[in-house]
4 protein chains.
Amino acid sequence: MQTVELMISKTPNRPATDQRHLAECIDLCVDCELACAACADACLGEQELAMLRKCIRASLDCADVCNVTARLLSRQFEPEPQVMVAQLEACARACVACAAEGHRHQESYAHCGICADACDRCEASCREVLKEFALVRA
Amino acid sequence: MQTVELMISKTPNRPATDQRHLAECIDLCVDCELACAACADACLGEQELAMLRKCIRASLDCADVCNVTARLLSRQFEPEPQVMVAQLEACARACVACAAEGHRHQESYAHCGICADACDRCEASCREVLKEFALVRA
Amino acid sequence: MQTVELMISKTPNRPATDQRHLAECIDLCVDCELACAACADACLGEQELAMLRKCIRASLDCADVCNVTARLLSRQFEPEPQVMVAQLEACARACVACAAEGHRHQESYAHCGICADACDRCEASCREVLKEFALVRA
Amino acid sequence: MQTVELMISKTPNRPATDQRHLAECIDLCVDCELACAACADACLGEQELAMLRKCIRASLDCADVCNVTARLLSRQFEPEPQVMVAQLEACARACVACAAEGHRHQESYAHCGICADACDRCEASCREVLKEFALVRA
């Protein structure tokens, strides 16, 4: 078991959503955060930098949004479903925007493709947890 | 003029929304972030700590969400309106949740009241910019 | 009085260093964070983007380091002087590195100059608080 | 290969330090960040909350410092060795402070022990990369 899942299994607070999905989503959020931070940096070093402006912008946003989403999800003490739902939605959208840029450049830049794949996985996982929080909220 | 507004006035990128509202919102987001971080910490030092659990949780979330919102708003290069709208919505909701806790404790703890006021100002400003981004999006 | 200073005046925890310097340093850290985030973004929109690679990298680092420094400084409950000293030192150095880039480009780009000035102010303030924490530590 | 290591292998920028150590350090920083964020939250739900004040403070700091350290390490474009060294030093110290609290409470709270172990691993990895950056700097 990974550290995140282990922590969730030992908290006195009762997670509002499925533990495994939650742990997976947290892991995929930080995976995506780091991929995005590294992709923006890799883009900075490319010859054709001017073509990558939008990719850099989308990556910076996505890294920031993924991080805060992971932070919120790692807290189980009385989460506010309305806040969680909105933050997960923002994260899914940031992943979609960044993945679109990454896939557009993946033929030329492998790092963009790897990053886009991380965004896709993170988005799917956010959508899964989003559904569960939407039920809590009801 | 404050640093943030000065930076916005000198960027080659064209802000998608009203510059003054934007600068104000960024400032109020970081003001709220710091108030929340400081309030969670002040709560930690109070005798009646157990009553403040939820206030601490809400403050930690709000600090994190406000920071990422300020980060996104401080970038003008081709923002993704769908991402901005969702993040501003998450921020407004985090402020509402945290302000509710803060106002509940403000009679006993001045720091909770100051923090709740910062949340109220930040929420109002996010709602203003949200309306403008919603128009961009249309 | 600004929100940060007001919060410090109302915390039950006793700040380890001079309250006014502390509040000022927190404000200058977030001021610098936002200037750096906005400068990296403004650089992305410039024609001569390729010359600004290093400026962008330094700004991204400085924004991140300033934020975490402000976060730590906004907590007064039993700070660990060794941690505070190292983080303030990292912040001062990130400001120096970013200011060097900003000043190098300020003739051509006003946003780089404004950002460099914010870095200079933040560095000076960190060095001031650093001296005070170094005494606490002794 | 994990996403982080994959990204490092595909960047056009040449890492200043050993790639495997670097990737490992980034992973352990975010692992520690999430463990700390979750530990502070788990502490909030414990009956004996008052005993855990310092543990919460140390965890919040450590989570923040680990995150920014991972961010900086995930960028390979012309890093500033002086900044990297200071940030890694701050991270190692934040881990030491947080691990001390965690180990002190691990008999009573499994989550504190898991978190302290994550801090220990992160500190060791930071010290390793720190040695390598110190050589770059020379």
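Start with the lining of the second largest pocket in this predicted model: by class, 6 of its residues are nonpolar, 4 polar and 5 charged. To bring up the spot, select A:Gln2, A:Asp27, A:Val30, D:Gln2 and D:Asp27, which sit nearest the pocket's centre among its 15 lining residues. Now colour α2 (19-44) in chain A and α2 (19-44) in chain D; these are the elements that each give two or more residues to the lining. The space you're looking at comes to about 340 Å³.

Next stop: the largest pocket. Its volume is about 500 Å³. Pick B:Gln2, B:Asp27, B:Val30, B:Asp31 and C:Gln2, since you'll want the ones closest to the centre out of the 19 residues that line this pocket. Then show α1 (3-10) and α2 (19-44) of chain B, plus α2 (19-44) of chain C, each of which puts two or more residues into the lining.

Which element gives the largest share of that lining? Click on α2(B): it supplies 8 residues. If you colour the whole lining of the largest pocket by class, you should get 9 nonpolar, 3 polar and 7 charged residues.

Now zoom out to see chains B and C together. Select the contact residues and you'll have 37 from chain B and 37 from chain C. Between them, the two chains bury about 3,000 Å², and carbon and sulfur atoms account for 65% of that.

How many salt bridges cross the interface of chain B and chain C? Look for 4 of them. One to put on screen is the salt bridge between C:Arg71 and B:Asp64: draw a distance between the closest N and O atoms and it should read 2.9 Å. For the wider polar picture, there are 16 residue pairs in polar contact between chain B and chain C, counting pairs with both residues at pLDDT 80 or more.

Hide chain C for a moment and look at the side of chain B that touches it. Light up α1, α2, α3 (53-73) and α5 (110-137) of chain B, the elements that give two or more residues to this side. Here α2(B) turns up again, with 12 residues, the largest share. Colour this side of chain B by class to finish: 20 residues are nonpolar, 8 polar and 9 charged.

Before you close the viewer, go back to α2(B) once more. This helix gives the largest share of the lining of the largest pocket, and also the largest share of the side of chain B that touches chain C.

Technical notes. Residues are numbered from 1 along each chain as its sequence is written. Chains are lettered from A and ligands numbered from 1 in the order in which they are written. This is a predicted model: local features need pLDDT of at least 70, side-chain atom pairs count only at pLDDT 80 or more; totals for chains, interfaces and linings use all residues. Side-chain values use heavy atoms; hydrogens and water are left out. On a 1 Å grid over the protein atoms alone, a cavity is a set of points where a 1.4 Å probe fits but cannot get out, and a pocket is an open set with protein on both sides within 12 Å along at least five of seven lines; lining residues have an atom within 4 Å of a point. Grid points are joined across faces, edges and corners, and a volume is the space filled by probe spheres set on the points. Helices (H or I, at least four residues) and strands (E, at least two) are DSSP runs, numbered from the N terminus. Ala, Val, Leu, Ile, Met, Phe, Trp, Tyr, Cys and Pro count as nonpolar, Asp, Glu, Lys and Arg as charged, and the others, Gly among them, as polar. Contact means heavy atoms within 4.5 Å. Buried area is the accessible area (1.4 Å probe) that two parts lose on being put together, summed over both. A salt bridge is a side-chain nitrogen of Lys or Arg within 4 Å of a carboxyl oxygen of Asp or Glu. A polar contact is a pair of N or O atoms within 3.5 Å; within protein, one must be able to donate a hydrogen and the other to accept it, and residues adjacent in sequence count only if both atoms are side-chain atoms.
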